[in-house]
Amino acid sequence: MQFNKSTLSLLAQIKLLKNRGLIIENDDRAIRYLSHIGYYRLSAYMIPFYINKKEKDHKFLANTTFNQILNLYIFDRKLRLILLEAIERIEISFRSVINNSFVLATHSHSYLENEYFQDNEKHKKLLKKITKAFKNSKEVFIQHYKNTYSEPKLPPLWMTIHVLTFKEVFYFYENIKCKKLKQQIAQTYNLQNKLLVSWIRVLSDLRNFCAHHARVWNRNFGTTPMTPKTKKNNLIKWPKRFENIICTNGQEIQQKNSLYALIVIIWYFLSQMNTHSTWIERFTKLCQDHQIDMRKLGFSKDWQDDPFWS
């Protein structure tokens, strides 16, 4: 099929939206938002307001306003920011715990030696990335090491770990050979190693979604994080159940693949790190302030009744 859609001016975009039944009270304001956000990017937030999402004419439900669409867009932007704030705390903690555990069990530059890692090829690739990052870094602490020390060529782990990306830190952890050391790191969060690997992987992916301005509202994330086993003698604080959520429009959302599952993981980490964290209250208020149907995020109607959130 040949692509044949024509390019529309901002005025033509406004006219098209009005012809489809959208109420726009202030054309100049709408044009300003379309010019800085883009019609295509904003169109993802129009979909819930279509009469028939499968039809190509994209007619809007009666009384749908431009402000309603913009509200969803602004909510999603704020949602990404509050998620990034939480993931930043978890990421910094993860870096610190790895560094402290690894260097205390070995020595300051042991990350340079392949004997401490499972896969030599993966270790070589990581060292190449570290060398490149070290060479290109303008960080004051890296410049200080370059100007002060001649050997080893690369700095100790407690410096190096801060020039790695979150994903690279995850690969570092995953490739550690000593199972006892990995479990020691995981135990900081009262987790088994397999759970920590699964959860850090999905949080790293979520961080990338947020950092690159992707939509996180009303999204299926695909990757299903591992859930804890419910043995009586090995329980961690965890929601009672995961289920499928039916929205008012009949849309079915699987909690285990939704933002809900990721927020469960985020809240688990934050609760482990700080028992007085108010992050979940601020997240809930954000949803309330923008009048968001939380079922579209994978939350059940009575989600707050679960002891996990208290």
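Q: Are Asp76 and Arg80 buried or exposed?
A: This is a predicted model, where local features need pLDDT of at least 70, side-chain atom pairs count only at pLDDT 80 or more, and totals for chains, interfaces and linings use all residues. Residues are numbered from 1 along each chain as its sequence is written, and side-chain values use heavy atoms, leaving out hydrogens and water. Buried means under 20% relative accessible area, exposed over 50%, and partly exposed in between (1.4 Å probe, protein chains only). On that scale, Asp76 and Arg80 are both buried.

Q: What N to O distance goes with the salt bridge of Asp76 and Arg80?
A: A salt bridge needs a side-chain nitrogen of Lys or Arg within 4 Å of a carboxyl oxygen of Asp or Glu. Asp76 and Arg80 are 4 residues apart in helix α4 (helices are DSSP runs of H or I, at least four residues, numbered from the N terminus), so about one helical turn separates them. Their side chains meet with N to O at 3.0 Å.

Q: Which residue forms a salt bridge with Glu85 at 2.7 Å?
A: Glu85 is partly exposed at 25% relative accessibility. About one helical turn along helix α4, 4 residues apart from Glu85, sits its partner. That partner is Arg89.

Q: Which helix gives the most residues to the largest nonpolar core?
A: A nonpolar core joins buried Ala, Val, Leu, Ile, Met, Phe, Trp, Tyr and Cys residues through side-chain atoms within 4.5 Å. The largest one has 93 residues, and Trp279 and Phe283 touch the most other members. With 17 residues, the top contributor to this core is helix α4.

Terms used: Helices (H or I, at least four residues) and strands (E, at least two) are DSSP runs, numbered from the N terminus.
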